[in-house]
Amino acid sequence: MQLNLSGYSTAMFSTWYFVEELGILFDAGDGIVSSLMQKSRKINHVFISHADRDHLTGLFQFNQLNARAGFPVLHYPKDCGSFPPLENFTKQFDAHVAGTVWKKLEDKEKIYLREDLYVQAIRNNHVAAEKGIHKSFGYKVVSVKKKLKPEYSVLSPAQIKEVIVNKGKEATLMDVETILLAYSGDTPVENFEQWNGAETLIHEATFLGGPEDANIKTHGNKHSQLNDVIKAVSQIELGKLVLGHFSSRYSHQQIDEAIKKACEEYAIKIPVYRVLPGETVKNILTTNSLNGF
Ligand SMILES: [Zn+2]
């Protein structure tokens, strides 16, 4: 499924990704509404990865313009203390946003957007926290399709109908899950097997790992280096890769060259796209891939 995915993602400044046909926003940094304008009305569910300000300050205007009874639903990791004060403040400041739903999420929790589609929260270690404390998530969007169990696949359509009538759907059909889209959030490179099989993975690559990185201050929060991301990608099956959240210390040329080099080194054979610092990219998956696939 070719998703219409747009976004902006620059470390420290703002990150958001919008999936138009699913009505989903991942993260809500500054500039969502001024970039998407009327299209932001299509967003029903927002999934915030963590409470760093560059991932949430766009919520304020987005919510003000789009709040109605029961929507939008703003999902966030359950132990992020920033969201309840934000909920209280926005409801005092703009009385008409009372209908917005603020929803705490647990690790592994699934939010069904439709019967055949859910978004699952996946804890990561960007923000140090004890076991059971959830302050930072990635997410995956999973489609669930009913398929005939393999032992019945030789039957004719009429026979299949008969088997379903006699044995019931439970016994004859099975769920087949596909990860349509995975979003790493801010994270170190870890547990890549959880993204295996995703049609598209959006992963952060804050640092290029060159000499410019000598004086990096990350306030203790952990990020990814490009080469580690590409290496991990080479060890799983993916459809497409979108890289973002680059530090603005690098020029566009430095970033593109580093991506091409890493893709060659690790023999990456899937299309790799990137969201460069300072740029809003519309329909990312229709842009030219960097590595010619
Ligand atoms: Zn960030």
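This is a walk through the structure above, from its sheet strands to its salt bridges and its surface. Keep in mind that the model is predicted.

Let's start with the open sheet. Seven strands make it up, in the order E7-E8-E9-E10-E11-E12-E13, and their pairing is mixed. At the two edges sit strand E7 (110-114) and strand E13 (272-274), each of which pairs on one side only. From one strand to the next, the twist averages 30°. As general background, strands of a sheet pair through backbone hydrogen bonds, either parallel or antiparallel. For a parallel example in this sheet, look at strand E10 (residues 173-183) and strand E11 (residues 200-204), which are joined by two bridges. If you want a residue pair to click on, try Tyr183, whose bridge partner in E11 is Ile202.

Now move to an earlier part of the chain, where strand E4 (residues 45-47) and E5 pair in the parallel sense over three bridges. One residue pair to look at here is His45 with Val73, its bridge partner in E5. How many of the five residues of strand E5 (residues 73-77) are buried? The count is five of five, so to speak a strand that is mostly covered. That cover applies to both faces of E5: Val73, His75 and Pro77 are buried on one side, and Leu74 and Tyr76 are buried on the other.

Helix H4 (residues 157-167) makes a good contrast to look at next. Of its eleven residues, the number buried is one, so H4 lies largely in the open. Just after H4 comes Gly168, with a positive phi, near 90°.

Time for the charged side chains. The count of salt bridges comes to nine. Take Glu20 and Lys39, which form a salt bridge with their closest N and O atoms 3.0 Å apart. Glu20 lies in the loop between strand E2 (14-19) and strand E3 (24-26), while Lys39 lies in the loop between helix H1 (32-36) and E4, so the pair ties together parts that are 19 residues apart in sequence. Are the two partners buried or exposed? Glu20 counts as buried because its relative accessibility is 16%, which is under the 20% cut-off. Lys39 is partly exposed, with a relative accessible area of 38%. There is a third member to add to the picture, since Glu20, Lys39 and Lys42 are linked in a network of salt bridges.

The loop between H1 and E4 also holds Gln38. With 56% relative accessibility, Gln38 counts as exposed, because the cut-off for that label is over 50%. Gln38 and Asn66 are 28 residues apart in sequence, yet their C-alpha atoms are 9.8 Å apart in space.

A second salt bridge joins the side chains of Lys91 and Glu87, at 2.7 Å from N to O. Both residues lie in helix H3 (residues 83-93), four residues apart, which is about one turn of the helix. Lys91 is partly exposed, with a relative accessible area of 28%.

For another salt bridge, go to Asp256 and Arg274, whose side chains meet at 2.7 Å, N to O. This pair links distant parts of the chain, with Asp256 in helix H7 (residues 252-265) and Arg274 in strand E13, 18 residues apart. That brings us back to E13, one of the edge strands of the open sheet. Asp256 is buried, with a relative accessible area of 14%, whereas Arg274 is partly exposed at 22%.

What about the nonpolar side of the surface? Phe60, Phe89 and Phe93 form a nonpolar patch there, with about 290 Å² of accessible area together. Phe60 has its place in helix H2 (residues 59-66). At 33% relative accessibility, Phe60 counts as partly exposed, because that label covers values between the 20% and 50% cut-offs.

Last, the cysteines. How many disulfides are there? The count comes to zero. Cys80 is buried, with a relative accessible area of 6%, and Cys263 is buried too, at 4%.

Definitions and conventions
Residues numbered from 1 in each chain as written. Predicted model: local features only at pLDDT ≥ 70, side-chain atom pairs only at ≥ 80, totals over all residues. Heavy atoms only, no water. Disulfide = S-S within 2.5 Å. Buried < 20%, exposed > 50% of the residue type's maximum accessible area, 1.4 Å probe, protein only. Patch = residues over 30% accessible without salt bridge, like charges linked within 9 Å, V, L, I, M, F, W, Y side chains within 5 Å. Areas by Shrake-Rupley, 256 points an atom, 1.4 Å probe, with all protein chains shown as cover. Salt bridge = Lys/Arg side-chain N within 4 Å of Asp/Glu carboxyl O. Pairing = 2+ DSSP bridges. Axes fitted to C-alpha atoms, helices over the stretch in contact; angles between N-to-C directions.
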